[in-house]
Amino acid sequence: MTDVLQFAALGTGTGSLVALIAVGLVLIFRAAGVINLAHGGYAMLGAYLHWELQQRGWGTPAAFVTATAAVVLVGLLTDQMILRRLRQASALTRLIATMGVLLLIQSLTAHIWGAVPKTTSPIIPSRPLDLGGSVLPSDRLWLLLIALGATVVITVIWNRTRLGWIAEAVSENQRMAAALGWSPELVSGITWAVGAGLAAAAGILIAPITELDTSTMPLLIIPALAAALIGGFRSYPLTCAGAILIGIAQTVTSQYVHITGVSDALPFLIIVVGLALRGSGLPLRGYATDRLPRVGSGRVRWYVLIPAVVIGVFVLNGTSSPDALTAFTSTFAVATIFLSFVVLIGYTGQVSLAQYSLAGFGALFAARLAADADVPFWLAILIGALGASLVGIVFAIPALRTRGANLTVVTFGLAQAAQSVIFNNPDISGSQDGILVPTPEVFGLSVDPVQYPERYAIFALIVLALVAVAVAMIRRSRVGRRLLAVRENERAAAANGINVIAAKITGFAIAGAIAGIGGVVLAFQSEAIIFSVYDPLTSISMLAFSVIGGLGFVLGAVFGALFAPQSVGAIITLHWQTLGSYITVIGAAGLLITLAMNPHGWVYEALKAVRRLDRIFPPPAGRRAAGEPGNDAVSTDGGAVPTVPVTLSVSNLSVRYGGNRAVDGVEVELRGGEIVGLIGPNGAGKTSFMDAVTGFTAISSGTVLLDGTDISGLPAYRRVRAGLVRSFQSLELYPDLTVRENVLVAGDRISGGARPRFWPALRLRRAELSANDRRTVDELGLGDSLDRLPEQLSYGQRRLLAIARAIASAPSVLLVDEPVAGLDDAESAEFAHVLTRLARQRGMGILVIEHDMNFVMSTCDRIIVIDFGHQIAQGPPAAIREDPAAIAAYLGDDVTATPADSRGRPDATSAPSFSNG
């Protein structure tokens, strides 16, 4: 027991210094809204500057103050010169910018001081302290007091002073704070400076304990992130306490758990558990995903690809320089790994820093099979890809309940855990000399990278071309549309019958397989494969290079690979060794420039020039890519989708948000062929009712029956597949999918079933709308806009697109939320005509939430009025118009109706046509 206490006391030292880093991290996040992944880099830079000054004869106090001040200036420049320019960018873009700063600091530090670890003398004197039989160095106590003191000071300033109140106001609403005369830039700059100073101080103090190392010191950000998560990125005391506890747990674990890397992986486990407990499967109403970079059309330009591959084969076959061939091979292999970023981030919207680790897993599986079981090389590649895919599925588990920047943090921890537990474990990944693998052969032909480097380079090129075509096919497929729908808007995807969880797992699995293929090709260049290179910092740099090329484009992966170490970009440095040492610095700077000038990647701009070739080589009719004009052939795979009339019965439905009862005992019965209006003032609970019925929020009490079947416990996508479909008040379209693709996402479930067959889902030919869906978009005035993006439509047209997408799911019951908001009178009347026809001809039950009383009174068979979550009236329009409770709560003066037929619906014969405005 005494030993445990002694080790725990030792752990307080490291934990206290991590607390300084974590508190600074939370300070920056609260004021600027950025998770600063460069924070570990600040600590490293401060430590190296202090060491350098001491080597030059400076005294400890002067060196400490000067080094800390220098890092404070770096933090201030990071905010004012980089993050300030990205103030309006998404949180994800700003997070990637901090990755660029980290890479820049790390690469410059390694260039100046080298990669060999250095030792430094302790700053705080230490003498043994006897604590009840346990001997503890006194410096651990001083470090604890420093961490606690800094935390108390920052907490008091933030919570008890005017400066803290201003900073809190700026963090809550920058525009309002600026209107009151407070400068968001000044507040942000101060917090960045203080946060960077804390990190620098922690780095200087921790260097004597861990030694100076450019490959490990930046990773102090991982336990700091775990501590910040314990504090919810808000509480400084909880963050400090969490960091100290993590330090203690790591020290004790390293002494008593004899498994390689477990203590280093411990913070990651805390991160995963914390996010899993706090996260949710679907984002709540009001959640807006970050706008990710643009994606390509997925069109394969064969007239470019085939000649490029042929020329590449001839060039490689005629190249005699082994260094050049190695560089080409590395480029092709890394580009293949980068294609996994295209699928996972570009298509699925799941930001991962663990893809390079997955490449390492693929190489590890293949190497073990080739070395231990004499498995043929081509089979080892396939099994390696399968193994990496399975690991990718495991890595997908945190993504099921978290997203955005939080997911990035989790995958960063995964990369660290994989390196600590797997790649640095000699029992798994071999000795320091790696795993010896036999000479690779492909169907009897030797592709030995040493004896026949040109053959191996050609093989790597062919693998890259095949995987690139497959990734392009995914983009144009039903699978790809589902991934893109999840990337764009998870709520809308679920409302279109897509299993969001399954889609995320699919994206991780495909991306893992691609990374595994690239990892095998990259690793087998050597006779002995060493796995320590698959570290988290390399994973960050790989993502950074991929961003430069363009995360949403196949060619972006190839362009980004040019910046990777030992790639074709390194050929330039063969005769300029000095320039070669700056290749990582150039890549980091290139990332920051790219984010500032073109966050979509440089290939996005380059493809604009390539598209001019389409005028010379136009694609065949019916095979144009999404977003390109052409003939709009209509699929003949079916006419109008029959609707089975069903009854939706909602009994005693209640919804609570904390102590607020948003919906209280509402009952609705909606029969097939009937249109029911749900009205009430703003805040009455109408949308909360719809969210509960469709599975987007939890029901506190009550039941939802669809044709007698209780669906109250089903997830949203299962309710859609049962025939219950909704639209959204905020539209929630897919901004990077065309009108055609928006409709196809919903129609895929009808034309292809819930589980589409694999090959038809990956056909290169562009999918077309069914006859039923084409008639729908024509009737809604969208027939001439199929290849336009939603942002290119008027607001009224975007509303109509949302309805067209809902109708494409062929619902038995359709719930629409404010469908005619933003439409003029003629468009509203025509839309009423569409709803009437859907109810009469298809037997569809329709529930409408709408504030346009002329529309509601003239369209609906019955109207339900709710106020403050309570149902106060129900009946035909004429009765509701005269109901005192309805008038008092909402209607006010009498409402005049448009000409209607005998059932109270608009006269279909007098309905005008939609305009394109």
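How do the axes of helix α3 and helix α8 cross, and within what distance do they come? In this predicted model, the axes of α3 (residues 60–83) and α8 (residues 184–210) come within 7 Å and cross at roughly 140°. Angles over 145 degrees would count as roughly antiparallel, and the two helices are therefore described as oblique to each other. The crossing of α3 past α8 is right-handed.

If you would like to follow this contact in the viewer, begin on the α3 side, where the residues include Phe64, Ala67, Val71, Val72 and Leu76. On the α8 side, look for Trp192, Ala193, Ala196, Ala200 and Ile204, among others. Glycines take part too, among them Gly75 of α3 and Gly189 and Gly197 of α8. Sorted by class, the contact of α3 with α8 has 13 nonpolar, seven polar and two charged residues. Asp79 in α3 and Glu185 in α8 are both part of this contact.

Let us step back to the whole chain for a moment. The chain has 917 residues, and 58% of them are buried. It holds 36 helices and 16 strands. Among contacts between residues at least 6 apart in sequence, 78% join residues at least 24 apart.

A second helix pair is worth a visit. Helix α18 (residues 453–476) and helix α21 (residues 500–523) have axes that come within 11 Å and cross at roughly 170°. That angle is why α18 counts as roughly antiparallel to α21. From α18, the contact is made by Tyr456, Phe459, Ala460, Val463, Val467, Val471 and Ile474, and from α21 by Ile510, Ile514, Ile517, Val520 and Val521. What classes do the residues of this contact divide into? Twelve are nonpolar, with no polar and no charged residues in the contact of α18 with α21.

Now to the strands. Strands of a sheet pair through backbone hydrogen bonds, either parallel or antiparallel. Here, four strands form an open sheet in the order β8-β7-β10-β11, and their pairing is antiparallel. At the edges are β8 (660–670) and β11 (709–710), each of which pairs on one side only. Helix α27 (residues 686–694) packs on this sheet, where it touches β7 (648–657), β8 and β10, and its direction makes about 115° with that of β7.

Within the sheet, β7 and β8 pair in the antiparallel sense over seven bridges. Serine 649 stands opposite glutamate 669 in β8. The two strands form a hairpin with two residues between them, and glycine 658 takes a positive phi near 65° there. Towards the other edge, strand β10 (residues 701–706) is joined to β11 by two bridges, and these strands run antiparallel. One place to see this pairing is leucine 706, whose bridge partner in β11 is threonine 709.

Another hairpin is formed by β15 and β16, again with two residues between the strands. Strand β15 (residues 862–867) and strand β16 (residues 870–875) run antiparallel and are joined by five bridges. Isoleucine 866 has glutamine 871 of β16 as its bridge partner. In the turn, phenylalanine 868 has a positive phi of about 55°.

Finally, three single residues reward a look. Glutamate 674 is found in the loop between β8 and β9 (675–679). Is this glutamate 674 buried or exposed? Its relative accessible area is 8%, and the cut-off for buried is under 20%, so glutamate 674 counts as buried. Its C-alpha is 5.0 Å from that of glycine 845, although glutamate 674 and glycine 845 are 171 residues apart in sequence.

Threonine 408 lies in helix α16 (residues 404–423), and this threonine is buried, with a relative accessible area of 0%. Beyond its neighbours within four places in sequence, threonine 408 is in contact with Leu92, Leu95, Met99, Val351 and Leu353. Leucine 95 is 313 residues from threonine 408 in sequence, while their C-alpha atoms are 8.9 Å apart in space.

Threonine 776, in helix α31 (residues 771–779), is also buried, with a relative accessible area of 5%. Leaving out residues up to four places away in sequence, threonine 776 touches Ala804, Ile807 and Arg842.

Conventions. Residues are numbered from 1 along each chain as its sequence is written. This is a predicted model: local features need pLDDT of at least 70, side-chain atom pairs count only at pLDDT 80 or more; totals for chains, interfaces and linings use all residues. Side-chain values use heavy atoms; hydrogens and water are left out. Two strands pair if DSSP finds at least two bridges between them. Contact means heavy atoms within 4.5 Å. Axes are lines fitted to C-alpha atoms, for helices over the stretch in contact, and angles run from 0 to 180 degrees between N-to-C directions. Angles under 35 degrees count as roughly parallel, over 145 as roughly antiparallel, 65 to 115 as roughly perpendicular and the rest as oblique. A crossing is left-handed if the near helix is turned anticlockwise from the far one by less than a right angle, and right-handed if clockwise. Ala, Val, Leu, Ile, Met, Phe, Trp, Tyr, Cys and Pro count as nonpolar, Asp, Glu, Lys and Arg as charged, and the others, Gly among them, as polar. Buried means under 20% relative accessible area, exposed over 50%, partly exposed in between (1.4 Å probe, protein chains only).
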